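Welcome to this guided tour! Open your viewer, get ready to select residues by number, and follow along one stop at a time.

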Amino acid sequence: PYASSGYWSAPSRLLLSYDHHLDRIVTYRGQQVWSYSFRDHEGWSPVAVVGETPSPRFEAAAIYDPVRNRVVLHGGWTPQGLLADTWELSLTDPPTWTRLAIRGEAPARFNAAAIYDPIRRRMVLTGGYGQDPIRPTGDAWALSLDGALEWTLLSTSGPARAGHSAIYRPKDDCVVVFGGGRDGPDSWQTFNQTWTFPLSGGSAWRQLHPGGFTADLPVRRAFAALTHDPIGDRMILVGGLVPGAFPKGPFNDAWEFRFAESRWCPIIVPAALPVWERPAVVYDSRRDRLVLAEYDWLWSLELSNSRPASAGTSVPPEGAQSAGADQRGASDLDLSVRGPNPFGDRLIVDVSLSENLPARLEVFDVSGRRVWFSELGASQKGRHTVQIEDVGRFPSGVFVLRLTQGRQSRAIRLVHSR
């Protein structure tokens, strides 16, 4: 669906969002908006959008705001220079573009990476090119999405990158950044390092993995697709390339970074998988899969089939009851829910703890936002019952219930019907 004209013939990363309200993916590239419905699978359809449209641009950053069902777009580059404007694409009927009124300074950026911070309701922007067209920045900015819209500088000490990829990791409430590059003495220098930045306070970046040149690591690259598997608590990487005077790729490989083990592992992909130059990816929570898109290609990766046994249980289909704790030994970490699934105004959870260690029970919505949690403390090994009283406030939809103790975790998918 991405016919190009003028300077849009040059490559630019696709911006992709999963609209869980209508169970579809929505893409934006250039001035075109398209959608693909998972309900009818009738192919890509152009979206009729009203309102003033953002000017065509290269390499803008965008996030999906699930609370207000909108895409928030910032910055980019045109032949006339950098952009610092911020727009929203409301996905309600009719879909509408609106330029947002920002108070104070806004960072002019392109080739930056952005994530949605669900705890503080912010768009967080990292790196990218600013006023210096050769050296990317190492800063991080946050845009408040409620009340007065204002950008705030969070840090200036991060890895100086452009064309990198980023995710939000709920377990540690942090941004995780992979790869990207910057101009070197002879050509564009790419990286395969992994960095993390806390969102709960402080400005200290930490290197999570140093990268390197060994065969058990993804090669250095930029413009890769990166997303988080909330059930397996792992980061999944697909595609990308090495631009510059000595290019490599595009690649058609896939990798997972297991946070519990702090290591990369390859994911076996079909031989027919196309090479992905600048792909986009979303997590389809209803079907527990990744959906990859570039141009008119569309592929999916079923996550339950690729998770290691240590990453947690597979997700039951919607409307199904998970296996109860009585089917396992008391020494196994396990959880189940009583009553129907979809559930109503009350949720009773049975957990089985494998050790005398603190444990945590959490509920996440489809965007990865944690909507409820309870620290179980140093509970005794064995079976326990937890009652969640305030689930009636949850909107109708799909949620992930996760139990974590030490390096182990179990998760099941739940559906709430009001």
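Which residue lies over the face of Phe191? Select Phe191 and look above its ring: you will find Arg161, at 3.6 Å from the ring centre. Before you go further, keep in mind that this is a predicted model.

Now try a second charge and ring. Select Phe223 together with Arg278: Arg278 lies over the face of Phe223, and here the distance to the ring centre is 4.0 Å.

**Stop 1: rings that meet**

Stay with aromatic side chains for a while. Across the whole structure, a search finds 13 aromatic pairs. To see one of them, select Trp87 and Trp97, whose ring centres are 6.5 Å apart with 85° between the planes, an edge-to-face arrangement. Colour the strands around them: Trp87 belongs to strand S7 (residues 81–90) and Trp97 to strand S8 (residues 96–99), so this pair ties together parts that are 10 residues apart in sequence.

Are these two rings buried or exposed? Trp87 has 2% relative accessibility and counts as buried. Trp97 is buried too, with a relative accessible area of 4%.

Next, select Phe257 and Phe259. Their ring centres are 5.3 Å apart and their planes meet at 80°, so this pair is edge-to-face. Phe257 is at 0% relative accessibility, while Phe259 is at 11%. The cut-off for buried is under 20%, so Phe257 counts as buried, and so does Phe259.

Finish this stop by selecting Tyr18, Tyr36, Phe38 and Trp44: ring pairs link these residues into a cluster.

**Stop 2: a sheet of four strands**

Switch to a cartoon view. Look for an open sheet with the strand order S13-S14-S17-S18 and antiparallel pairing. Where does this sheet end? Strand S13 (165–169) and strand S18 (206–209) stand at the edges, and each has a single partner strand, so one side of each is left without a neighbour in the sheet. Turn the view and you can follow a twist that averages 30° from one strand to the next.

Zoom in on the middle of the strand order. Strand S14 (residues 174–178) and strand S17 (residues 194–198) run antiparallel and are joined by five bridges. To find one place where they face each other, select Cys174: it stands opposite Pro198 in S17.

While you have side chains on display, here is a general idea to carry with you: in a regular strand, side chains alternate between the two faces of the sheet.

**Stop 3: a sheet of three strands**

Move on to an open sheet with the order S23-S24-S25, again listed with antiparallel pairing. Its edge strands are S23 and strand S25 (297–302), each of which pairs on one side only. The twist in this sheet averages 20° from one strand to the next.

Select S23 with strand S24 (residues 289–294): five bridges hold this antiparallel pairing. Which residue in S24 stands opposite Tyr283? Select Leu290 to see the answer.

**Stop 4: a hairpin**

Now select strand S31 (residues 397–405) and S32, which run antiparallel and are joined by nine bridges. One bridge to look for is between Gly397 and His416 in S32. The two strands form a hairpin with two residues between them, and Gly406 in the turn has a positive phi of about 60°. Show the surface around strand S32 (residues 408–416) as well: eight of its nine residues are buried, so "mostly covered" is a fair description.

**Stop 5: the cavities**

How many cavities of 30 Å³ or more does a search of the whole structure find? There are four, and the largest has a volume of about 1000 Å³. Of the 45 residues lining this largest cavity, the closest to its centre are Leu16, Ala114, Ala166, Leu226 and Val281, so select those to find your way in. Several strands give two or more residues to the lining, among them S13, S23 and S31, which you have already visited.

**Last stop: Arg360**

Select Arg360 in strand S28 (residues 359–364). Arg360 is buried, with a relative accessible area of 17%. Then add Phe373, which is 13 residues away along the chain: the C-alpha atoms of Arg360 and Phe373 are separated by 7.2 Å.

Notes. Residues numbered from 1 in each chain as written. Predicted model: local features only at pLDDT ≥ 70, side-chain atom pairs only at ≥ 80, totals over all residues. Heavy atoms only, no water. Pairing = 2+ DSSP bridges. Axes fitted to C-alpha atoms, helices over the stretch in contact; angles between N-to-C directions. Buried < 20%, exposed > 50% of the residue type's maximum accessible area, 1.4 Å probe, protein only. Phe/Tyr/Trp six-rings, centres within 6.5 Å; stacked < 30°, edge-to-face > 60°. Lys NZ or Arg CZ within 6 Å of the ring centre and 35° of its normal. 1 Å grid on protein atoms, 1.4 Å probe; cavity = no way out; pocket = protein on both sides within 12 Å on 5 of 7 lines; lining within 4 Å. Points joined across faces, edges and corners; volume = space filled by probe spheres on them.
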